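Welcome, and please open the model in your viewer. We will go from stop to stop, with a selection to make at each one.

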Amino acid sequence: HLFKEEAHLAEPIIEKLYKQSPNIARYGLKYIECLQKLKKFDACISVLEEIKKLDQKDLPQLDYLEGVFLVSQNKPRKALLLLKKAMETIAHMPTLHVKIGEAFIKLKEWKDATIAFEKALEIDPENAGAHMGIGIALLRQDKLEEALDHLLTSVSLIFNNPLAHYFLGETFYRLEMYERAVEAFKVVIAYQPGNRKAHSYLVKLYTQHVMNIEEANKHNTFIKNNIKGTITIVSGLPRSGTSMMMQMLQAGGLDILTDNLRAEDNNNPKGYLEYQKVKNLAKDNSWLEEVQNKVIKVIAQLLQYLPNNYQYKVVFMEREMEEIIQSQQIMLGKTADVENKTYPTVLADTFMKQLEKTKSWIQNHPQFEVIYISYKDVISNPTEIAENLSMFLDADLNLTAMIKSVDPLLYRNKKS
């Protein structure tokens, strides 16, 4: 099932094997691979932590497991450190080289990506993922004929992979093979009806090359009625670093939607960058037209009220719960509670449950793409975070300005 990209069918089988024999590393490896394909990232972390407890001598693939997870979390530089370390013990695995190639693709280092995928194909000439990856890398290097060969091979090995068909369509388009491009993009929307880019390509093809105005209008109408555009959301619990992230993205050059009604104060001297209408999102979301192609802050508890006819890229801030609670207590004037180390356990438990519910909800809504960012990581390594955000948002951001916007001195409420 995994080979056929049918992770939803593979999950119950692999889960049963793993739970029956949690000490057998290969079951854990396959279970994590399956969970990643299903975008169940919290479950991935949980299984990974359990596997890390095993005897390291029996688990030469631990670095590989972590590296694969980091690639899926848009952290390619950290991933490459672990994946290259894994080369010492499992260089014979084609999937290792595929994941290294995927990390290089995220970094837009096309030549290194090509080399990695070539190594995978030396081991397994019929690896569909490697053929797709090298096809993408070659396409970005304008080696169109070579890219076409690999992408055609990829879809011949595993047909039901809309991503491979998308890049195949793009390659056909650039080679001016317009009718073949139409076929490829139609396959994409058969598997992913809400793929805006594929619909947009079809509109262009039907109006400029393969003339069919009726079909062009159909796809234009679908986009207008069902795919309203992409909205970038900064989310997380209050006091988890959402304002800092909004400031960082604004410094990077993105358009922030804020009414500036909540002024900066001692708790947030650089401003909150909020938008008042968000508070009534549960009752009224009609104003979201204002947010297309912009960034807005929405706390975690309100994400569920966002309508389904948009695409969302969510930058989700995470922070130690103790620090969140302490920061909130100080903001509410409860400094005595902080000094006395009075910890509101009930509130912390409530927040944890809300986080679990929100993350589970995100996993079940494909229009949401999410990157989880640690507050501590922003403070300690803003350069890597800025790069990761640029890749995730597919935006040419001012990385230098983003890095400068992070003030470590504002990290005042630290875990004891």
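**First stop: Tyr64 and the cores**

Select Tyr64 and show what surrounds it: leaving out residues up to four places away in sequence, Tyr64 touches Leu29, Leu83, Ala86, Ile90, Met93, Thr95, Leu96 and Lys99. Contact here means heavy atoms within 4.5 Å. Before moving on, note that this is a predicted model, in which local features need pLDDT of at least 70, side-chain atom pairs count only at pLDDT 80 or more, and totals for chains, interfaces and linings use all residues. Residues are numbered from 1 along each chain as its sequence is written, and side-chain values use heavy atoms, with hydrogens and water left out.

Tyr64, Leu96 and Phe185 have the most contacts inside the largest nonpolar core, which has 75 residues. A nonpolar core is a set of buried Ala, Val, Leu, Ile, Met, Phe, Trp, Tyr and Cys residues joined through side-chain atoms within 4.5 Å. Buried means under 20% relative accessible area, exposed over 50%, and partly exposed in between (1.4 Å probe, protein chains only). Now select Ile231, Trp287, Tyr310 and Phe351, which are included in a second, separate core of 31 residues.

**Second stop: helix α8**

Next, select residues 128–140, which make up helix α8. Helices (H or I, at least four residues) and strands (E, at least two) are DSSP runs, numbered from the N terminus. From first C-alpha to last, the 13 residues of α8 reach 19 Å, close to the 18 Å expected at 1.5 Å a residue; the expected span is 1.5 Å times one less than the number of residues.

Is α8 mostly covered or mostly exposed? It is mostly covered, with eleven of its 13 residues buried. Among them are His131, Met132 and Leu138. Show α6 (94–106), α7 (110–123), α9 (144–157) and α10 as well, since the buried residues of α8 pack against these helices.

At the N-terminal end of α8, zoom in on Asn127, which caps the helix with a side-chain oxygen 3.1 Å from the backbone nitrogen of Gly129. Such a polar contact is a pair of N or O atoms within 3.5 Å; within protein, one must be able to donate a hydrogen and the other to accept it, and residues adjacent in sequence count only if both atoms are side-chain atoms.

After α8, look at Asp142, in the loop between α8 and α9. Its phi is positive, near 65 degrees, in a residue other than glycine.

**Third stop: aromatic rings**

Select Tyr166, Phe167, Tyr173, Tyr178, Phe185 and Tyr201, which form one aromatic cluster. Rings of Phe, Tyr and Trp (its six-membered ring) pair if their centres lie within 6.5 Å; planes under 30 degrees apart count as stacked, over 60 as edge-to-face and the rest as tilted. By this rule there are twelve aromatic pairs. The planes of Tyr173 and Tyr201 stand at 65 degrees with ring centres 5.3 Å apart, so this pair is edge-to-face. Because Tyr173 lies in helix α10 (residues 162–174) and Tyr201 in helix α12 (residues 196–208), the pair ties together parts that are 28 residues apart in sequence.

**Last stop: a charge over a ring**

Finally, select Arg262 and Tyr272: Arg262 lies over the face of Tyr272, 3.6 Å from the ring centre. A charge sits over a ring if NZ of Lys or CZ of Arg is within 6 Å of the ring centre and within 35 degrees of the ring normal. Lys359 has its charged end over the ring of Tyr372, 4.9 Å from the centre.
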